[in-house]
Amino acid sequence: MNSDSDLQIAGDILAVQHLLQPAREHPATVAEFAGLARSIAADRARWEHLVEYDATSRWYHRLQTGPGYEVWLLSWVPGQGSGMHGHGPSSGVFTVLDGELTERTAGGERRTLAAGAPDGAWGSVFAPGYVHEVVNDSLEPAVSLHVYYPGLTEMPMHASARCAQESVPA
């Protein structure tokens, strides 16, 4: 029986260049899009100087595009919200870069998303057909980053869950 470990037998796989996959220039999986969002979130110098706040409407700026995807930067002053909406055929990832936002789904779920929060409360990942609203319920401004694949071409608005429940006959 050989006492050498598998690692000793195989050697350092990171030193074997032909076994390494080259890093993708553009993301192609949900995990890679989430990784893109996290890497941009960590690079404050890339986005912080672009942020503006508008008291009359949500401010947004397209930060990056790639083959079939877009990255958007949004700001939210206290009280601003998106309204209940979907994303057409797009899937997406969004994360909070600064402050805190509340996400409410059409199913009545509610969660608070905060910049740098652990345990998955950093943002949301969604597929086509996902309906939600995002609101700044806090007393401080917030900034979020949104990645859409394919790029966002429609944002159908829906009645809020609260309004839909009130309109159902008793």
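**Sheet and aromatic pairs**

Start at one contact: Val93 has Val125 of strand 6 as its bridge partner. A word on the source: this is a predicted model, where local features need pLDDT of at least 70 and side-chain atom pairs count only at pLDDT 80 or more, while totals for chains, interfaces and linings use all residues. Residues are numbered from 1 along each chain as its sequence is written, and side-chain values use heavy atoms, with hydrogens and water left out.

Now the strands. Strand 3, residues 91-98, runs antiparallel to strand 6, and four bridges join them. Two strands pair if DSSP finds at least two bridges between them. Strands are DSSP runs of E, at least two residues, numbered from the N terminus.

Next, the whole sheet. It is open, with five strands in the order 1-2-8-3-6 and antiparallel pairing. Which strands stand at the edges? Strand 1 (59-66) and strand 6 (123-126), each with a single partner strand, so one side of each has no neighbour in the sheet. On average, neighbouring strands are turned by 15° against each other, direction ignored. Axes here are lines fitted to C-alpha atoms, and angles run from 0 to 180 degrees between N-to-C directions.

On to the aromatics. The structure holds five aromatic pairs (ring centres of Phe, Tyr or the six-membered ring of Trp within 6.5 Å; planes under 30 degrees apart are stacked, over 60 edge-to-face, the rest tilted). One of them, Phe126 with Tyr130, is stacked: 5.6 Å centre to centre, 10° between the planes. Phe126 counts as buried because its relative accessibility is 6%. Tyr130, at 23%, counts as partly exposed. Buried means under 20% relative accessible area, exposed over 50%, partly exposed in between, with a 1.4 Å probe and protein chains only. Phe33, Tyr69 and Tyr149 form one aromatic cluster.
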